[in-house]
Amino acid sequence: MSEPILITGIGIVSAIGLDRAETLASLRAERTGVSALRFLKTDHHEFPVGEVPLSTDEMAERMGIPEGQPRTRTALMGMMALQQALKEARLEASDMARAAFVSGTTVGGMDMSEQFYLDFLNNDLHNDYISQHDCGACTESIADHFGPFASVSTLSTACSSAANAMINGANDLRCGRHEIAVVGGSECITKFHLNGFNSLMILDHEQCRPFDETRAGLNLGEGAAFLVLETEASARRRGVKPLGVLEGYGNACDAFHQTASSPDGEGSYRAMKEALADAGLTPADIDYVNAHGTGTPNNDSSESQAMMRLFGADMPPVSSTKSFTGHTTSASGSIEAVICLLALQEQFLPVNLGWQHQMPDGITPVTDPHPQRPLRHVLCNSFGFGGNDSSLVLALPTDTEPAASDKQVTEKQATANIPVYITAAEQISIQKGLCEEWIENPIRYEEPYVRSLDVDFKQWFTPSESRRMGKLLKRALATSLTAMQKSGTEHPDAVITGTGLGCIENTEILLTHLCEEGEENCKPTPFMQSTHNTISSLVSIHTRSHGYNATYAHKEASFDCALEDAWLQMQLRCIQTALVGGQDEMTPKYFGLLCKTGYLGHPGQTAGEAAVSVMLDTNASEKALCRLTYFKRCYRPTQDLLAQVAAEIGKVSAVMTAVTGQVHPDSPMLRTAATLFPDTPLLQFKNLFGESYTAYGLGLYATAQVLHHQQLPEDMLIPGCGQPTALSRILVLNQINDKDYTFAVLEAL
Amino acid sequence: MEELIEQLKKQIIEVLNLEDVTPADIENDAPLFGEGLGLDSIDALELIVMMEKEYGIKLKNPAEGKEIFKSINVMAQYVNEHRTK
């Protein structure tokens with residue numbers, strides 16, 4: 001049984017309230033927040049929505065963001081919710097160094113990108129917003145408004161993003177990485193996804209009616225919610241009273257279709273079952289289920305089937321609160337988790353507003369708010385496109401004093417360092433793909449931007465199978481399938497992907513359409529392929545892998561976040577095998593934009609594309625290339641913390657740095673490496689593999705192959721920075737803009 | 001009608017990016033979904049957008065698509081009767 005994970009603060013913003021008291025009042029009064037459009041600039045006024053009742057400027061004013069400073073609606077709502085959660089948990093800026101921050105979003109800064117996209121391309125009027133576009137930027141804006149969090153990550157699994165952020169934060173605590181994890185998600189309504197959902201024909205023109213026979217789709221909503229998760233020891237030491245407990249959680253992949261749930265709800269059934277097992281409960285222990293219940297014919301039928309499979313004849317009270325808030329997409333996991341906590345605290349059942357007609361093959365949702373029995377354990381479901389299904393079990397805190405003292409906990413953590421073997425590593429990039437020819441004959445580039453060297457994809461899938469796949473999806477699938485085959489893994493326990501921008505080519509198609517042609521005739525495919533998790537879910541769908549599935553979109557640390565997730569779960573012995581990917585493409589247009597932000601276009605730098613897949617296994621095998629023995633990320637570390645990390649790592653034969661462009665010995669990256677690891681040779685890989693948001697994945701791949709082949713291409717040496725005498729233990733170091741560090745140590749076998 | 005059928009076949013291949021299919025491969029009576037061409041629900045949505053753009057036919061409910069896209073013959077018949085451009 002794991003350490004309990006306490007919830008010591010909550011914050012919530014949605015269409016039914018700007019804080020917890022307003023939210024509770026709306027729920028109790030059975031008052032919906034769904035109404036006619038007020039703030040979003042769109043032609044589609046026929047769709048009711050759940051907008052937060054403030055303009056973006058009003059939100060900025062509330063948060064004290066000065067005029068002229070870039071602000072996105074998703075980030076502002078996140079700040080509003082986070083402020084409440086931190087206040088309740090009495091977390092000050094000085095506590096942040098002990099806290100991880102994990103946030104979920106898919107839309108990121110799209111509200112501004114869709115207004116200014118043509119300006120981004122054609123002039124310099126709104127350049128400030130280019131770097132606000134991606135999900136990671138949004139998370140960092142939210143985090144940095146409050147203080148220096150110890151680590152910052154962005155989950156992007158569409159409508160289950162916030163639930164998966166909670167799961168990742170909880171794993172972090174269970175591993176003993178941090179004492180506090182602030183988790184949740186934020187998402188505003190945009191024209192982009194309103195039109196996207198419309199092209200999928202799943203928006204209801206009326207108020208949505210989850211689980212009703214006449215339901216005709218969802219209403220989009222928006223909002224944010226954050227929860228402060230904390231270990232018992234930390235809460236006791238700080239003298240904060242828990243509001244609730246995260247008792248257990250499950251994440252599974254439906255592995256069925258990119259936008260539809262399977263008829264029998266296999267993924268959601270597995271997620272709920274896992275969550276119960278993790279909490280040590282049986283179905284009979286559940287007193288209320290807050291369903292995903294979007295109001296689409298497909299979701300509610302599939303989710304009903306899954307619940308009927310799990311609960312049989314003893315169906316607990318079930319409701320969807322999306323008829324109050326609208327579907328708050330990436331934020332829905334944490335918004336509904338907060339609603340569950342309110343239900344537990346106040347001992348009421350949130351009703352399923354608007355329900356009238358029984359589905360012949362569905363559950364009968366709650367219409368009476370008075371529970372028949374006390375609410376002790378509640379289940380909260382969040383499902384996303386691509387079958388990214390997650391489920392959480394929440395409860396009120398118990399009054400019993402914990403048995404374990406702080407000291408015992410520390411000892412338990414210190415012994416838990418399980419080595420992880422890299423059993424396959426594959427890439428398609430600007431070096432020749434799916435082979436290691438770059439070791440002997442690397443291709444040298446002087447161009448500022450080159451596209452990936454693609455392979456013949458027909459050996460993995462037919463043209464008709466790949467009819468909706470862009471190049472990035474094909475590369476991702478080809479590297480994944482090759483890594484799985486070489487490692488002899490048919491169904492990895494986890495498929496985890498990092499991608500900074502997702503399939504940006506598809507995002508550009510829809511943005512261009514919206515900006516140039518307007519909101520008529522939007523096609524579903526570019527929208528569907530724009531969600532970042534389309535890559536990870538495609539791998540699971542193609543290989544019918546029902547295990548854990550997640551996607552991180554956190555700029556240059558996207559792959560790092562994915563690897564961290566796998567590492568934590570392996571330390572916890574939750575999984576044995578994980579396919580970790582780093583996938584990014586670079587279009588000519590986006591290359592131009594990223595030159596404007598100062599990320600690309602530096603002298604000596606080559607912007608490239610990355611598709612990298614690494615298979616990890618906690619079991620040693622003769623196939624293994626090398627071993628991962630240490631992993632850590634730090635967001636804004638002090639010099640003391642960096643020195644401590646260097647001491648933990650100890651002696652290494654070389655440091656593989658993520659230095660980019662013309663190499664200056666006084667660049668922050670090399671300076672850090674030389675200070676922390678004096679007299680240690682420094683190496684580089686981006687001169688061969690190019691710069692991209694997931695280039696760090698290629699650095700890890702290249703280091704693994706160097707250790708396996710015991711051969712180092714001369715191009716990887718940095719003039720004046722030494723030459724390794726042995727290839728036994730190499731630190732792969734990432735550092736982004738003088739913050740956000742990743743340390744991964746690989747050892748030869 | 002023959003002309004419309006040929007045109008629809010070309011449009012389907014283009015809109016759905018069916019690289020390895022030629023108009024001759026699509027039989028007029030064969031089902032487009034499931035067994036026949038092996039199309040799925042997203043393809044149906046793409047075809048609904050195409051019908052609106054090319055022929056001015058607006059479908060409100062995706063379920064209607066199921067009936068209309070039974071085969072090329074059925075589709076052509078429907079387009080012929082309902083087109084506004």
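**Chain B: contacts and build**

I started with chain B of this predicted model and looked up how far its contacts reach along the sequence. Among contacts between residues at least 6 apart in sequence, 59% join residues at least 24 apart.

Next I listed the secondary structure of chain B, and I found 4 helices and 0 strands. Read from the N terminus, the order of the elements is α-α-α-α. I then checked the radius of gyration: chain B has 12 Å, close to the 12 Å that the globule rule gives for 85 residues, so chain B is as compact as a globular protein of that length. I also noted the span of its C-alpha trace along the principal axes, about 30 × 25 × 20 Å.

How much of chain B is buried? I got 27% of its 85 residues.

**Chain A: the same checks**

I moved on to chain A and counted 24 helices and 20 strands. For its 749 residues, I find 62% counted as buried. In chain A, 81% of the contacts between residues at least 6 apart in sequence join residues at least 24 apart.

Does the radius of gyration fit, and what is it? I looked it up: chain A has 24 Å, which agrees with the value near 27 Å for a compact globule of 749 residues. Its C-alpha atoms fill a box of roughly 75 × 65 × 50 Å along the principal axes.

**A closer look at strand E2 of chain A**

I picked strand E2 (residues 99–104) of chain A and asked how many of its residues are buried. My note says 6 of 6, so to speak a covered strand. I then sorted the two faces of E2(A): A:Ala99, A:Phe101 and A:Ser103 are buried on one side, and A:Ala100, A:Val102 and A:Gly104 are buried on the other.

Which strands pair with E2(A)? I found strand E4 (residues 180–187) of chain A, paired in the parallel sense over 6 bridges. Here A:Val102 stands opposite A:Val183 of E4(A). I also found strand E3 (residues 151–155) of chain A, which runs parallel to E2(A) and is joined to it by 5 bridges. In E3(A), A:Leu155 is the bridge partner of A:Gly104.

**Where the chains touch**

Last, I looked at the contact between the chains, which takes 15 residues from chain A and 14 residues from chain B. On the side of chain A, the largest share is 3 residues, from helix H17 (residues 524–528). I sorted that side of chain A by class and got 6 nonpolar, 6 polar and 3 charged residues.

Methods
Residues numbered from 1 in each chain as written. Chains lettered and ligands numbered in written order. Predicted model: local features only at pLDDT ≥ 70, side-chain atom pairs only at ≥ 80, totals over all residues. Contact = placed C-beta atoms within 7 Å. Nonpolar A, V, L, I, M, F, W, Y, C, P; charged D, E, K, R; others polar. Rg over C-alpha atoms; globule rule 2.2 N^0.38 Å. Buried ≥ 20, exposed ≤ 12 C-beta atoms within 10 Å, placed from the backbone. Pairing = 2+ DSSP bridges.
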